[in-house]
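Please walk through this model with attention to how its parts are arranged and how individual side chains are placed. The text moves from selected charged pairs to the domains and their interface, and then to a few single residues.

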Amino acid sequence: MKSNNLGHFDQSIAIVAQGLHKTYRNVTAIDGIDLTIHSGQIFGFVGPDGAGKSTTLKILAGLSRPDRGRGQCYILGHDVIAEPESIRTLVGFMPQGLGLVLSPKLTVRQNIDFFADLYHVERDRIESRARQLLEITHLEKFPDRLASHLSGGMQQKLALCCTLIHHPRILILDEPTMGVDPVSRRDLWTIINELVANEGMTVIIATSYLDEAERCHQVAMVHQGRILLSGDPSELQSQTGKDDLTSRFVELLAKQDDQDLIRSNFARLGEKTIQLNLRRDEPVVRVKDLCKKFGNFTAVDHVNFDIFPGEIFGFLGPNGAGKTTAIKMLCGILEPTSGEAFIAGYHILHQRNSLKNRIGYMSQKFSLYRDLEVRENLELYRSIYGKQNHPVLSSAELLDMVGLGGFERRMTEDLPVGLKQRVALACSMVHLPDVLFLDEPTSGVDPLARDRFWEIVRFLSRQLGITLLLTTHYMDEAEFCDRLAMINGGKLVAMGTPEQLQKQTEQEKGILIEVMCPNYLKAKKAIEEHVGPTVFFGRKLHLFSSSPESDVEKINAVLKNGGFDHFQVRPIPVKLEDVFIHFARREK
């Protein structure tokens, strides 16, 4: 093992880097990144879109080089910059994007075998390792299923199997849970914690979920290519008096002038704009026994619901539950197998042409023309919808509304993800529709950008009277909805206000108990051995109990007798993430 000018190789340190710089043409991606990551720990990168997280991870993985002479990087004593091939078998890298590394036309097992060949894994080791990985990811029942037929969460689990097949000592994950539902997110984190505990693996993860960052041993907040803040997540919270990292993140990065600009534009537009003329006591969306089948597969199974004018209606469910299929039917993109639906009085199938001007649709994947300027995209969509018989907003007013005044001539491809989403929202509204469909509009967007996006959504609903039906995997966003519908396996399994669903979950599962303990991984094992199953929520542990007073006493005794210090056990209100998982797993 080589020594280096950052110091002799120390087995307790997995990665050390100093002064990493990287520019793309005239854009500085990272600017003087310094890192020390200890072996057997989980290190988290958080930051806004375009902060430099992915660039840093690619350099650590040996897939990209910093600017010449601008930085040093060593992994387990190997010089990554001078000899990137030397770490090939030591590192597993999973890039950003659902199932991006997979071959869609290969089966689950064929994908794993392909990566085993790629890493020259010995034949006698492949079978046992593949069996182990399929078991911990719960994919052992699907070895012959094509990757293209897996849900988003299952694709990510398979990608993780492929990345781990060669027993890497370092695992680098770039936004592994982006676009993944809460059930699959928890499963992935259970796997990550098992790898660290059982194999001593070092994990470096970039994430836009701040509750995930709380589960890391160390976290670095990155902005404009620099690390602004780093350390133990619990210490960062206690230093600032914040309850969670999300609050600290928004406080650190928020530019008050951006928020004030958006709100001042809201006030000006609110004075000018008249609310849409719809009767408030009649549903603007009426869905009756809607069904969609693809061959023998039922994607949407006889769904019924109404949505009223100005309502923010959340459509929640696991990956592959039928949410996007239902939205595409309501937008007239897909023809229902049976059932019917009316939007603003128009039949979704028989009156498609009239319906087009009454709805707006923002798809799950970014669908604007990247090689057009912002204003050109807006005018293109305006020409598609044609002239309206009711007042609409000008392009300048739309851009002001979404906080992008002055961006008219910017190339769309040059904008960070959060601003691209605002442009897509403006394009879906050029004709000022009665109903706006938003399919996971903030997927992969950082907390600050999501906060700004929801300022706009609330304005559309409360001030303009636009009805919104949206899907999201962010449960903190679901709390902003007036009502929620939970769909699973194509069926509607629950519906009501967030408070009603929380109460229903409490009635069916019991009181939620939260455990806070510095050594939460060992605490989890001890509690599950003596009390019952727990799940991660950030660095905390959650479990439901039908006898909360008795179980709180039991947990306190278990932790005290186990030598744990500085722990707290208490009943708390049910979180929407727990609601989601309850209904998703109840139907199974």
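## Charged pairs, domains and single residues

In this predicted model, D451 forms a salt bridge with R452, and the closest N and O atoms of the two are 3.0 Å apart. The two partners differ in their surroundings, because D451, at 27% relative accessibility, counts as partly exposed, whereas R452, at 3%, falls under the 20% limit and counts as buried. Side chains of opposite charge can pair when their charged atoms come close.

A further pair of this kind is made by D482 and R462, whose side chains meet in a salt bridge with an N to O distance of 2.7 Å. This salt bridge links distant parts of the chain, since D482 belongs to the loop between α16 (475–478) and β19 while R462 belongs to helix α15 (residues 447–462), and the two are 20 residues apart. D482 is partly exposed, with a relative accessible area of 26%, and R462 is likewise partly exposed, with a value of 41%. Elsewhere, salt bridges that share partners join R185, R186, E212, E577 and D578 into one network.

Within a single helix, R109 forms a salt bridge with D113, and here the closest N and O atoms are 3.0 Å apart. The two residues are four residues apart in helix α2 (residues 108–118), and they are therefore separated by about one helical turn. D113 counts as partly exposed, at 23% relative accessibility. By the rule applied here, the count of salt bridges comes to 24.

How is the chain divided at the level of domains? The domain assignment gives domain 1 (13–254), domain 2 (260–496) and domain 3 (501–586). The C-alpha centres of domain 1 and domain 2 lie 32 Å apart, and the contact of these two domains takes 20 residues from domain 1 and 18 residues from domain 2. The area buried between domain 1 and domain 2 is about 1400 Å², of which carbon and sulfur atoms give 61%. On the side of domain 1, the residues that lose the most area to domain 2 are D49, D181 and S208, which together account for 35% of what that side buries.

How many salt bridges does the rule find across the interface of domain 1 and domain 2? The number is zero, while the count of residue pairs in polar contact between domain 1 and domain 2, both residues being at pLDDT 80 or more, is three. The elements that give two or more residues to the side of domain 1 that touches domain 2 are α4 (152–164), α5 (182–199) and α8 (245–253), and the largest share of that side, four residues, comes from α8. By residue class, the side of domain 1 that touches domain 2 divides into 10 nonpolar, eight polar and two charged residues.

Turning to single residues, R483 is found in strand β19 (residues 483–488). R483 has a relative accessible area of 18%, and because this is under 20%, R483 is classed as buried. The side chain of R483 reaches the backbone oxygen of D306 at 2.6 Å. Leaving aside neighbours within four places in sequence, R483 is in contact with a set of residues that includes D306, I307, F308, E311, I312 and F313, as well as M495, G496 and T497.

E335 lies in the loop between α10 (323–330) and β14 (338–343), and at 46% relative accessibility E335 counts as partly exposed. Leaving aside neighbours within four places in sequence, E335 is in contact with K292, L349 and R352. Measuring from C-alpha to C-alpha, E335 and N193 are 44 Å apart in space, and in sequence they are 142 residues apart.

Two residues deserve a look for their backbone angles. Most residues other than glycine have a negative phi. H138, which is not a glycine, has a positive phi near 60 degrees; H138 is found in the loop between α3 (123–136) and α4, and it is exposed, with a relative accessible area of 51%. A344, also not a glycine, has a positive phi of about 55 degrees, and A344 lies in the loop between β14 and β15 (346–347).

Conventions: Residues are numbered from 1 along each chain as its sequence is written. This is a predicted model: local features need pLDDT of at least 70, side-chain atom pairs count only at pLDDT 80 or more; totals for chains, interfaces and linings use all residues. Side-chain values use heavy atoms; hydrogens and water are left out. Domain bounds come from an automatic or database domain assignment. Contact means heavy atoms within 4.5 Å. Buried area is the accessible area (1.4 Å probe) that two parts lose on being put together, summed over both. A salt bridge is a side-chain nitrogen of Lys or Arg within 4 Å of a carboxyl oxygen of Asp or Glu. A polar contact is a pair of N or O atoms within 3.5 Å; within protein, one must be able to donate a hydrogen and the other to accept it, and residues adjacent in sequence count only if both atoms are side-chain atoms. Ala, Val, Leu, Ile, Met, Phe, Trp, Tyr, Cys and Pro count as nonpolar, Asp, Glu, Lys and Arg as charged, and the others, Gly among them, as polar. Buried means under 20% relative accessible area, exposed over 50%, partly exposed in between (1.4 Å probe, protein chains only).
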